[in-house]
Amino acid sequence: LSSIALALIVIAIVISVILLNKNKKNPVNKKDDNQSVQVKKVKIVNEDSTSRPFAVMINNISVARPLQSGLQDAYLMYEIIVEGGISRYLALFIDQSTERIGSIRSARHYFLDYALESDAIYSHFGWSPYAENDIKSLGVNNINGLTNESAYWRDKAIRAPHNVFTSSSKLYAAANKFGYSVESNNWQLLTYSPSAINFNGNCGDTGCSNGVEVANSINIVYSNSQSRQYVYDSDKATYLRSMNNLKHVDKISGEQYSYKNIIIERVTNKTLDSYGRQDLDTVGTGDGFYITNGYARTIKWEKSSRKSKTKYKYSDGTEVVVNDGNTFIQIIPVYAEVTLS
């Protein structure tokens, strides 16, 4: 061989060795019939986070539902009744960069109990007299649009008062402006399991045991005009959410909201005034369900004070540990109808 040909062969061998070593270090993210790709599991809720959550009041009157945005980024959601038989949401965000959250409405005093138990900064636009009093007396770190409009904006294409929105960056800016700490070591309400929790082992040909029921379909009736539905998507192992039998869809993404865990919590309520404002017995004990992966199991909840964390336990006293993923907590009246199938 000539010296040139020999040199070319040597160069080709060196390049082949380099490429072979590179592929060993960085395998191609493809698979063939004899190869499977392992994808590292990323936790939706980072239990090691030291960030402080934001708890945002979300408008849920009928004209505002099509406007709801950013709620899929919330790791924890609450739905609770307010006056007139309707409900509002409390959406908790942590370590997110959500660009549009809303629409935002005013505070109700019993929502504070669920913000406080997660050490969250409370975001709202306006307040009832009871909420105003309790925010001050309880020393709740809050961002009120009536006094801090820079934390929110109005979408001029939407009629007020349903056109108020915020973002993660605006909430952080407001928190820093007021000198609120944006770090917390006490935010975590629920314990998340490192492996999948399934209740199907409690069910057989003769039915289920240990307080377990099949829950592929869930219907919750809040009032004559308000019902909520969930349907289990076995392919994605999540529950698709509907309101009044209409898909609950994000305004921006167009996607139907979905949840890994559902907690149903029965709470006694009463009417406070002629306006119809409600009061809830958030402190005490009551019944409910923990629902995941197509099954429901009966639980008990207990909360010792307005600031303390709600504890969820099974009938044998063991703690409810939930699957990794976002959770929707439906706070319902004790008389509300729940159908599982």
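This tour moves through a predicted model, from the whole chain to a set of paired strands, a nonpolar core and one helix.

**Whole protein**

Begin with all 341 residues selected; buried residues account for 50% of them. Colouring by secondary structure should bring up four helices and 26 strands. If a contact map is at hand, consider the contacts between residues at least 6 apart in sequence: 63% of these join residues at least 24 apart. A surface representation completes the overview, with an accessible surface of about 17,000 Å². Carbon and sulfur atoms contribute 51% of that surface.

**Strands S13, S14 and S26**

Next, select residues 217-223, strand S13, together with residues 226-233, strand S14. The two strands are antiparallel and share six bridges. They form a hairpin, and two residues lie between them.

Now add residues 337-340, which are strand S26. This strand also runs antiparallel to S13, to which it is joined by four bridges.

Which residues stand opposite isoleucine 220 in S14 and in S26? In S14 the residue is arginine 228, while in S26 the bridge partner is valine 338. Displaying these side chains marks a place where S13 is bridged to S14 and to S26.

**Isoleucine 218 and the core**

Remain on S13, residues 217-223, and centre the view on isoleucine 218. Leaving aside residues up to four places away in sequence, it touches Arg228, Gln229, Tyr230, Tyr239, Ile262, Ile264, Ile291, Thr339 and Leu340.

Ile218 also leads into the largest nonpolar core, which has 86 residues. Ile218 is among the residues with the most contacts inside this core, as are Tyr78, Leu90, Tyr122, Ile143, Ile264 and Ile291. In soluble globular proteins, nonpolar side chains tend to be buried together.

**Helix H4**

Finally, select residues 168-178, helix H4, and show Ser168, Leu171, Ala174 and Ala175, which are buried. These four residues lie on the same side of H4, because they cover an arc of only 130 degrees around the axis.

What do the buried residues of H4 pack against? Extend the selection to strands S1 (54-58), S4 (101-102), S5 (121-124), S6 (142-144) and S8 (164-166), which are their packing partners.

Rotate the view to the face of H4 turned away from the buried side, where Ser169, Asn176 and Lys177 are exposed. The last stop is glycine 179, just after H4, with a positive phi of about 80 degrees.

Technical notes: Residues are numbered from 1 along each chain as its sequence is written. This is a predicted model: local features need pLDDT of at least 70, side-chain atom pairs count only at pLDDT 80 or more; totals for chains, interfaces and linings use all residues. Side-chain values use heavy atoms; hydrogens and water are left out. Two strands pair if DSSP finds at least two bridges between them. A nonpolar core is a set of buried Ala, Val, Leu, Ile, Met, Phe, Trp, Tyr and Cys residues joined through side-chain atoms within 4.5 Å. Buried means under 20% relative accessible area, exposed over 50%, partly exposed in between (1.4 Å probe, protein chains only). Contact means heavy atoms within 4.5 Å. The arc is that of the directions from the helix axis to the C-beta atoms. Accessible areas come from the Shrake-Rupley method with a 1.4 Å probe; for residues, only the protein chains shown count as cover.
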